[in-house]
Amino acid sequence: MAAGVATWMPFARAAAVGWLPLAQQTMPKPPVDKTSRSDEILFVNVSGLRFQTWKNTLDRYPDTLLGSSEKEFFYNEETQEYFFDRDPEMFRHILNFFRTGKLHYPRHECIQAFEEELAFYGIIPEIIGDCCMEEYRDRKKENQERLAEDTEAENAGDAPLPPDATLRDKLWRAFENPHTSTMALVFYYVTGFFIAVSVIANVVETVPCRPLKGSIKDLPCGEKFSVGFSCLDTACVLIFSCEYLMRLYAAPSRCDFARSVMSVIDVVAILPFYIGLVMPENEEVSGAFVTLRVFRVFRIFKFSRHSQGLRILGCTLQACASELGFLLFSLTMAVIIFATVMFYAEKGTKGTTFSSIPASFWYTIVTMTTLGYGDMVPDSIAGKIFGSICSLSGVLVIALPVPVIVSNFARIYHQNQRADKMRAQQKVRQARIRMAKKGATNAFLQHKEDGGLQGGDGDSTAFCVKNRSAFEHQHHHLLQCLEKTTNHEFTDEITYSEVCMMDSMGFRTSRSTSLSSQQGSTTTCCSRRAKRRAIRLANSTVSVSRGSVQELDTLHVTKTPVGTQYPQSRSSLNARTEDLKLNCTDYTAAIISIPTPPANSPDESLPNSPAIPGILRNSRSSTFNTQETVKISSL
Amino acid sequence: MVLDGMELIAITVVIGLFFVMFKQFGVWEPLSLDESSDCELELSTVRHQPEGLEQLQAQTQFTRKELQSLYRGFKNECPSGLVDEETFKTIYSQFFPQGDATTYAHFLFNAFDMDRNGSIRFEDFVIGLSVLLRGSETEKLLWAFNLYDINKDGCITKEEMLAIMTSIYDMMGRYTSPSVRDDDPSEHVDKFFQKMDRNRDGVVTIDEFIETCQKDEDIMASIKLFENVI
């Protein structure tokens with residue numbers, strides 16, 4: 001119900017007194033309103049801008065945030081006001097809605113920001129008043145189109161194919177996105193070339209060439225070099241047919257493809273040739289056959305796969321179908337009217353060219369479009385007067401729908417440009433996202449090495465710890481919890497792949513006494529497939545990639561400070577470029593974790609270590625710092 | 001010069017176009033009476049200001065704060081200060097979406113519009129509310145009688161009562177249980193008259209009405225229920 005109704009409710013209830021004498025039963029008890037009835041002014045502070053309003057105003061819409069008890073969550077006891085940390089400019093509109101019952105859409109605001117504010121305050125956008133509804137809908141549609149394009153561009157064929165793509169998928173990709181592979185590009189240009197050749201041949205074969213010896217008449221080149229031209233035509237048609245059949249084979253949905261515009265154009269382009277093949281050498285039929293040749297010109301439309309501008313034009317015409325229809329209709333009406341008038345006006349003139357009304361159609365059209373060939377000219381005064389009116393009105397009628405078509409064209413053109421720009425920026429965006437992700441995992445892994453694992457004990461960790469915000473601490477703790485839950489650790493992509501390669505040689509490493517680490521069999525991780533998957537699933541529990549500089553010739557294994565043993569063993573290898581001093585800034589370490597069956601005790605792992613081929617125990621393995629490290633360098 | 005038919009028409013058309021052009025230049029104003037169209041605009045912008053707070057306080061039983069609150073709501077809904085019958089009907093109909101409340105709203109409007117000028121001012125509104133919510137039982141019964149007495153002649157006839165009753169049943173709408181039969185209103189009217197009409201003269205006067213109601217405990221109890229609406 002509208003706000004106004006709430007205001008009138010007490011009145012309606014009071015007026016119910018009028019029913020009382022008529023009532024045949026006793027009245028029910030009225031609901032008891034325990035809340036205080038007196039109206040009070042509420043203070044609402046939105047990011048510093050203080051609004052004041054009656055409580056009743058807000059109570060009008062009990063299913064919004066401000067009208068329900070939900071706003072108590074935002075009440076600030078010290079300042080005795082409701083504090084919202086939102087946009088104060090937008091709040092103005094929200095509050096106006098409560099006051100007047102009508103929601104207006106501010107035109108200068110971003111529509112998504114507006115919708116978010118509405119969602120926050122619990123107001124559905126559908127109640128925007130009629131005055132602003134159209135603008136809101138238009139902007140919303142525009143925004144959605146833009147977003148749809150973005151997602152489309154993201155999902156578009158630029159993504160690498162899954163490795164198990166069939167020949168069909170590959171072929172289709174090649175057709176739709178020629179720039180993905182060289183073969184596709186070659187094919188693209190070859191077809192383009194042959195389309196051009198075919199069209200030019202069609203044109204040139206009608207040009208008059210010098211006649212054969214012994215004849216006077218000029219021959220069209222098509223007849224002079226008929227063998228050459230027919231060979232060319234056959235070649236082109238063969239290529240087009242091949243292309244069409246391949247597209248048909250590769251299309252994911254053959255029915256849809258067969259019904260699409262481009263496929264129809266393809267078929268129409270090559271059909272005349274095949275019909276000519278089956279047509280007998282009959283005189284009267286070949287006349288019709290010659291007409292069929294006209295359809296060869298449709299080959300030029302095949303260029304629309306190669307040209308974006310043509311596609312835009314096609315889209316525009318489609319979008320403006322109604323305007324074009326209107327143009328046609330109004331022109332027809334005007335043509336008929338003026339043709340009739342001119343015919344009757346010129347009827348009296350001797351030897352007039354306006355022999356019938358259909359004949360006058362030609363004059364009317366030529367005049368209205370301001371062509372004025374001059375083959376039909378009115379003689380009588382009436383004819384001249386009406387003829388001039390005809391030409392003036394023609395200009396008007398044609399000029400009217402043109403701006404609509406133009407604006408549609410501009411809109412579609414800009415959309416296309418935007419899509420292109422998005423595609424170009426796509427790579428940059430992806431790289432940025434990857435960098436951000438790596439940065440986060442870098443921080444976490446660094447934190448772990450700094451001994452944050454133990455919850456920041458000792459001064460050694462103090463340096464690094466204080467540089468991180470509370471948020472980071474909590475995030476890291478969370479990741480640690482995840483590690484503990486899954487019994488795996490986060491690690492780095494490059495070192496992981498390194499380890500994989502080493503594992504293919506049966507490499508196992510272990511820690512020193514107080515460590516328990518084991519690299520379990522890594523056969524599962526070392527197939528190429530898993531490696532790729534591991535690299536791609538960069539943020540999974542199995543392996544996490546860090547993009548910093550890695551030197552993997554030394555692998556360090558950290559051990560926990562004295563006395564503490566990991567309840568569950570993990571294998572973790574730290575690769576560091578330098579000695580283990582707590583060097584927070586220049587960290588290039590990586591932790592690799594490999595799924596292993598949990599090793600039970602450190603002692604078991606020890607016997608394995610000598611049996612590792614190709615691993616040298618570094619002499620520095622005996623150096624121990626605050627955290628005992630065993631450096632193992634690989635080949 | 002002999003002009004044949006088409007030329008005549010052509011020249012007529014040309015002259016017509018000349019007239020159109022003249023209008024553009026403002027050379028010749030064709031006879032048009034557009035003074036009258038501006039007059040109607042004046043009425044809709046008439047505003048009404050209510051009497052002062054003190055006067056209203058004297059006339060009604062509301063406190064100052066209540067009057068303020070009431071006026072704020074009233075003014076928000078009707079910035080011009082007046083409620084006409086159509087608006088009133090629309091508002092009242094919103095409370096009864098299932099049925100047709102327009103007839104009853106019409107009667108209600110007349111009950112509130114004491115000076116019968118076709119619009120309810122804030123004073124009418126608040127005085128009526130004061131009677132309904134804060135008035136004595138006799139006053140409330142008087143108000144109800146006033147509502148039923150459509151032509152304000154001091155007595156309720158069977159026809160008036162039937163009209164009121166029909167309009168109340170109309171508000172129920174179609175989907176009721178048990179469903180409203182066509183003679184339900186008249187049956188109800190008969191019952192009402194049986195109870196109220198002491199001297200069986202076919203009309204109910206004020207005294208009969210008040211006396212009967214005061215003796216009826218149910219009605220008295222119900223009247224007390226509606227006191228705490230505001």
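**Entry 1: polar contacts across the interface**

I started with polar contacts between chain B and chain A in this predicted model. Counting pairs with both residues at pLDDT 80 or more, I found zero residue pairs in polar contact across that interface. I then ran the salt-bridge rule over the interface of chain B and chain A, and that count was zero too.

Which part of chain B gives the largest share of the side that touches chain A? I traced that share to helix H1 of chain B, residues 5–25, which supplies seven residues.

**Entry 2: extent of the interface**

Next I looked up how many residues take part. The contact draws on 40 residues of chain A and 52 residues of chain B. For the area, I noted about 4000 Å² buried between the two chains, with 74% of it on carbon and sulfur atoms. On the chain B side, B:Met6, B:Phe95 and B:Phe226 lose the most area to chain A. Together these three make up 16% of what that side buries.

**Entry 3: salt bridges in the whole structure**

I widened the search to the whole structure. How many salt bridges does it hold over all chains? My note reads 25.

I picked a few to look at, beginning in chain A. The side chains of A:Glu115 and A:Lys140 form a salt bridge, with N to O at 3.3 Å. This pair links distant parts of the chain, its members being 25 residues apart. A:Glu115 sits in helix H4 (residues 111–121) of chain A, and A:Lys140 in helix H5 (residues 130–155) of chain A. I checked accessibility as well: A:Glu115 is at 22%, so I filed A:Glu115 as partly exposed. A:Lys140, at 28%, is partly exposed too.

I also wrote down a network of salt bridges in chain A. It links A:Glu243, A:Arg247, A:Asp266, A:Lys302 and A:Arg305.

**Entry 4: two salt bridges in chain B**

Moving to chain B, I found B:Asp124 and B:Arg121 joined by a salt bridge at 3.4 Å, N to O. Are these two residues buried or exposed? Both B:Asp124 and B:Arg121 are buried.

The pair of B:Glu187 and B:Arg181 has an N to O distance of 4.0 Å. I kept this pair in my list because the rule accepts a nitrogen within 4 Å of a carboxyl oxygen. B:Glu187 is partly exposed, at 35% relative accessibility. B:Arg181 is also partly exposed, with a relative accessible area of 47%.

**Entry 5: EF-hand annotation in chain B**

I turned to the UniProt record for chain B. The unreviewed entry lists "domain: EF-hand" at residues 100–135, 136–171 and 184–219. I looked at two of these spans in the model. Residues 100–135 are 67% helix and 8% strand, and their end C-alpha atoms are 29 Å apart. Residues 184–219 are 72% helix and 8% strand, with 21 Å between the end C-alpha atoms.

I stopped at B:Asn110, which belongs to helix H6 (residues 102–112) of chain B. Why does B:Asn110 count as buried? Its relative accessibility is 13%, and buried means under 20%. Beyond residues up to four places away in sequence, B:Asn110 touches B:Arg116 and B:Lys152.

**Entry 6: transmembrane annotation in chain A**

For chain A, I pulled the "transmembrane region" annotation from UniProt, again an unreviewed entry. The record covers residues 183–204, 257–279, 324–345, 351–373 and 385–406. I took two spans for a closer look. Residues 324–345 are 100% helix, and their end C-alpha atoms lie 31 Å apart. Residues 257–279 are 91% helix and 0% strand, with the end C-alpha atoms 29 Å apart.

I then looked up A:Val199, found in helix H7 (residues 182–204) of chain A. A:Val199 is buried, at a relative accessible area of 16%. Which residues does A:Val199 contact, leaving aside neighbours within four places in sequence? I noted A:Arg299 and A:Ile300. A:Val199 and A:Ile300 are 101 residues apart along the chain, yet 6.5 Å separates their C-alpha atoms.

**Entry 7: cysteines**

Last, I searched for disulfides over all chains, and the count came to zero. I looked up two cysteines of chain A while I was there. A:Cys231 is partly exposed, with 49% relative accessibility. A:Cys242, at 47%, is partly exposed as well.

Conventions
Residues are numbered from 1 along each chain as its sequence is written. Chains are lettered from A and ligands numbered from 1 in the order in which they are written. This is a predicted model: local features need pLDDT of at least 70, side-chain atom pairs count only at pLDDT 80 or more; totals for chains, interfaces and linings use all residues. Side-chain values use heavy atoms; hydrogens and water are left out. UniProt positions are given in the numbering used here, feature names are shortened, and annotations may be inferred rather than shown by experiment. Helices (H or I, at least four residues) and strands (E, at least two) are DSSP runs, numbered from the N terminus. A disulfide is a pair of cysteine sulfur atoms within 2.5 Å. Buried means under 20% relative accessible area, exposed over 50%, partly exposed in between (1.4 Å probe, protein chains only). Contact means heavy atoms within 4.5 Å. Buried area is the accessible area (1.4 Å probe) that two parts lose on being put together, summed over both. A polar contact is a pair of N or O atoms within 3.5 Å; within protein, one must be able to donate a hydrogen and the other to accept it, and residues adjacent in sequence count only if both atoms are side-chain atoms.
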